[in-house]
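This report looks at a protein chain together with its ligand, and it moves from a small strand pairing to the arrangement of the whole chain. Please keep the sequence and the 3D view beside you while you read.

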Amino acid sequence: MKFHEMNETEVEQALNSNSTAGLTDDDVKKRRKQFGYNELEEGEKQSAVLLFFSQFKDFMVLVLLAATLISGLLGEYIDAVAIIAIVIINGLLGFFQERKAEKSLAALKELSAPQVSVLRNREWVKVLSKEAVVGDIIKFSSGDRIGADVRIIESNSLEVEESALTGESLPVSKTTGSIKTANPGIGDMENMAFMGTLVTRGSGVGLVVAIGMKTAMGQIADLLQKAESMTTPLQRRLEQLGKILITVALLLTILVVAVGVLQGHDLYTMFLAGVSLAVAAIPEGLPAIVTVALSLGVQRMIKQKAIVRKLPAVETLGCASVICSDKTGTMTQNKMTVTHLWSGGDVWTVDGVGYEPQGKFYQAGKQIQVKSEKPLQQLLMFGMLCNHAEIKQKNKEFIIDGDPTEGALLVAAMKAGYNRNTLLGQYQIIKEFPFDSSRKMMSIVVKDHNGKQFIVTKGAPDVLASVSGSVLWEGRRQFMSRDVTAKIQDAIEGLASQALRTIAIGYKEIPAKTVILHEDEAEKDLIFIGLQGMIDPPRPEVKGAVKECRDAGIKTVMITGDHVITAKAIATQLGILTKNSKVLDGKALSEMDVQELEEVVEDVSVFARVSPEHKLKIVKALQNKGHIVAMTGDGVNDAPAIKAADIGVAMGITGTDVAKEASALILLDDNFATIKAAIKEGRNIYENIRKFVRYLLASNVGEILVMLFAMLLGYPLPLVPIQILWVNLVTDGLPAMALGLDQPEDDVMKRKPRNPREGVFARGLGWKVISRGFLIGVVTLIAFIIVYNENPDELEYAQTIAFSTLVIAQLIHVFDCRSEKSVFARNPFGNKFLVWAVLSSLLLLFVVIYYPPLQPIFHTVPVKANDWFMIAGLAAVPTFLLAGSFLARKRK
Ligand code: ATP
């Protein structure tokens, strides 16, 4: 028999499982040994050897290798071996960089790997999906992706969208019970749910019947191996720029060679020099360094609890001009405690700390016994019954497993002595209509021991009031008159204005044996019992983060399902709602189209009582106004807005799989302040990339120009090929990487967001590259000419001087690249990686010049002590000549 044909007990027996206790650790181990991990096999990866050889596929590198080979054949062994060694070291460097980039991207994927809730050793625990085994009992609810193929053994209004397997995008209802149809298709197996499909509504429990490649998804896994593009706009722009730079560098190199030959230099020497120059000047390694810088930045973000799922987001973060954030749990602590209760005009308060179920009830300041207050009892009891949360004790601390709002209701009832298990003995829950953020209510159908049936509903008070026909007032049922409605409204606003989150409770009796299939039937003509108001304190760090964002030109907008007045109170406390900004509620929002919203959207700081569907409209309106929008979310219905936003942000703790999959950024701690930290890091990463692009290109310009000018002026080659290659490897390599690790400048969060359309050379970078590069070339040439003219017979000495001047000019200039403003704007020793990189490059320079065995290889001659003064003086010019204006401005 197949699993869908069996009933629940038969499946359990067939798989030797236990739906009340789950598997034991031993079972799991055995089964894993037998069937392996619950993973889909991935496509072929590029092997290390191939990756290594791919470093040499660059055209100019091949030409250089060929040229070197020829020079080797012509007897220039030392040159040939040295050049090949340098090319190989360069290749290795590229190889390790790409490896690192690849590894950190893989690690990222691992971090956001999906999890499942499984029953093991009688407890529900969360494990990575890949750890689920056949026979495991797993539970899932709205927003989850199902982690394996399961036979459903429990369903609460469960609906699943199976388009990945069936192509059908409408969700299908899932039930238990066996199916007898012969050979049903996947879409017809109502008692099965499949790996990778999506729970769109309700919740359920299933018994795992297949994992990994044995699942329905596994069988079509090959079709799913499509990788998402992970290159960022800047990387693409740099790639395009790279192509232009290659052409320019090649043309200039050809020019150098042509002029050199015309000036009477030997063709072969000029050719080798030209090829070396081309290899050095073409920034072929740039994309790899950019990837490394991005992925290192991404790792720094992880330390701050932000996971970047899509690399391009790192860049977009720096452009964000509006953050739209949920309130509950993101700006507030999501640690709710009921403090006020209201029914029929009476108000009670309750004390106690956190989730500890200890507290007393008071009315008008006097302690009361709950037993003597009937409506209070109903309020508490029904709040406990229509509830999914559980209270657990961990290291003496009480914690909530489930929704904190429900946890608060549970704790309030426990304070009055209620026990959920006892209640469940009196009332049997027959059906549940789960909470969703659009309806803002949750209902259950219960039966008491006399066979009477009730609907119990809890939800947002204004919504619940609107579906109530009567109200309990002083122990009696009263018609919802205009007067009573106004009083309820006052009560709601009274609690909300104290920043309390409010939940209303209602109920109604229905004829015994009535079967209610749809929530619309259940949630009408209710009897309104009363309200519970709970505090949810703001997270202490949010206020500062909001201010920091404002200084950085980023507006914070609160988007919440909560009541307008509660939202207003908290937004004011956090500095989000100011004198000039407005509040808009879901109702008004529904009545506007995107164009109408556009007209006001920039003035609104709080959207309250909104449904997740509204979020998309808000994103669109802001984007139409030219904003780069970050939008947070956690539920299934948030996914479209998260996807549409420039930076979709999902919650790590409360977020559903769907929200996470749609997002570019996941907040591991669900905290608003983490978005700010990620934005700061995003800005810094971009600036660091600009820093080393600037450094590398200016260095390349210097290298080409010194050769070109020397040829034009009729001098011999100021640098020999091996020296050029050495500069490319040592001076350009290490310090550039260190720039990628630089700290942010102090004012990084004081600047306006970057324009996403700005080019690589924006904000003066192009001028800085050309002017500094030109000066580096000129001072190197001057050093060469001075020494050469003194003694034209000692060409190698003059070349060593040029080589040293070029290296040192670059090593000084690298400090200038740390700041957008000037070399004087920052402490030069602030980046210790850079200091070490520069010291190592210097040391290597001295080794090449002063260590006799290397002198013939690098064509160097020991530099006389006196000449170092000239070298240092000239090398300082490119950096300090143009920094003067900054000092002048500062003095003013
Ligand atoms: P945010 O969007 O900032 O997270 P929120 O959590 O208040 O705000 P929703 O979860 O959509 O947004 O809740 C909207 C309203 O629905 C709440 O103000 C509350 O009155 C009610 N509500 C919340 N959770 C439940 C629940 N589990 N059962 C019944 N009603 C609920």
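Which residue in E15 is the bridge partner of isoleucine 391? In this predicted model, the partner of isoleucine 391 is isoleucine 400.

## A hairpin of two strands

The pair that holds these two isoleucines is made of strand E14, residues 390-394, and strand E15, residues 397-401, which run antiparallel and are joined by five bridges. E14 and E15 form a hairpin, with two residues between the strands. Asparagine 395 sits in the turn of this hairpin and has a positive phi of about 45°.

## An open sheet of eight strands

Strands of a sheet pair through backbone hydrogen bonds, and the pairing may be either parallel or antiparallel. One open sheet in this model has eight strands with mixed pairing, and their order is E8-E28-E27-E26-E9-E23-E25-E24. At its edges are strand E8 (306-308) and strand E24 (582-585), each of which pairs on one side only. From one strand to the next, the twist averages 20°.

Within the order of this sheet, E27 and E26 stand next to each other. Strand E26 (residues 629-633) and strand E27 (residues 647-651) run parallel, and four bridges join them. One of the paired positions involves glycine 633, whose bridge partner in E27 is alanine 650.

## Domains of the chain

The protein chain is divided into four parts: domain 1 (3-39 + 112-225), domain 2 (241-301 + 681-891), domain 3 (306-332 + 539-670) and domain 4 (341-535). Between the C-alpha centres of domain 2 and domain 4 there is a distance of 71 Å.

Where does the ligand lie with respect to domain 3 and domain 4? Both of these domains give residues to the shell around the ligand, so the ligand lies between them.

## The surroundings of the ligand

The ligand is surrounded by 19 residues, and the closest are Lys327, Thr328, Glu406, Arg501 and Thr502. Sorted by class, the shell has nine charged, six polar and four nonpolar residues. Strand E18 (453-459) and strand E21 (501-510) each supply at least two residues of this shell, and E21 gives the most, with three residues.

Several side chains place polar atoms beside those of the ligand. For arginine 501, an N or O atom of the side chain is 2.5 Å from an oxygen atom of the ligand, while for aspartate 403 an N or O atom of the side chain is 3.0 Å from a nitrogen atom of the ligand. Aspartate 562 has a polar side-chain atom that lies 3.0 Å from an oxygen atom of the ligand. Taken alone, the ligand exposes 610 Å², and the protein buries 92% of that area.

Technical notes
Residues are numbered from 1 along each chain as its sequence is written. This is a predicted model: local features need pLDDT of at least 70, side-chain atom pairs count only at pLDDT 80 or more; totals for chains, interfaces and linings use all residues. Side-chain values use heavy atoms; hydrogens and water are left out. Domain bounds come from an automatic or database domain assignment. A residue is near a molecule or strand if one of its heavy atoms lies within 4 Å of it. A polar contact is a pair of N or O atoms within 3.5 Å; within protein, one must be able to donate a hydrogen and the other to accept it, and residues adjacent in sequence count only if both atoms are side-chain atoms. Accessible areas come from the Shrake-Rupley method with a 1.4 Å probe; for residues, only the protein chains shown count as cover. Ala, Val, Leu, Ile, Met, Phe, Trp, Tyr, Cys and Pro count as nonpolar, Asp, Glu, Lys and Arg as charged, and the others, Gly among them, as polar. Two strands pair if DSSP finds at least two bridges between them. Axes are lines fitted to C-alpha atoms, for helices over the stretch in contact, and angles run from 0 to 180 degrees between N-to-C directions.
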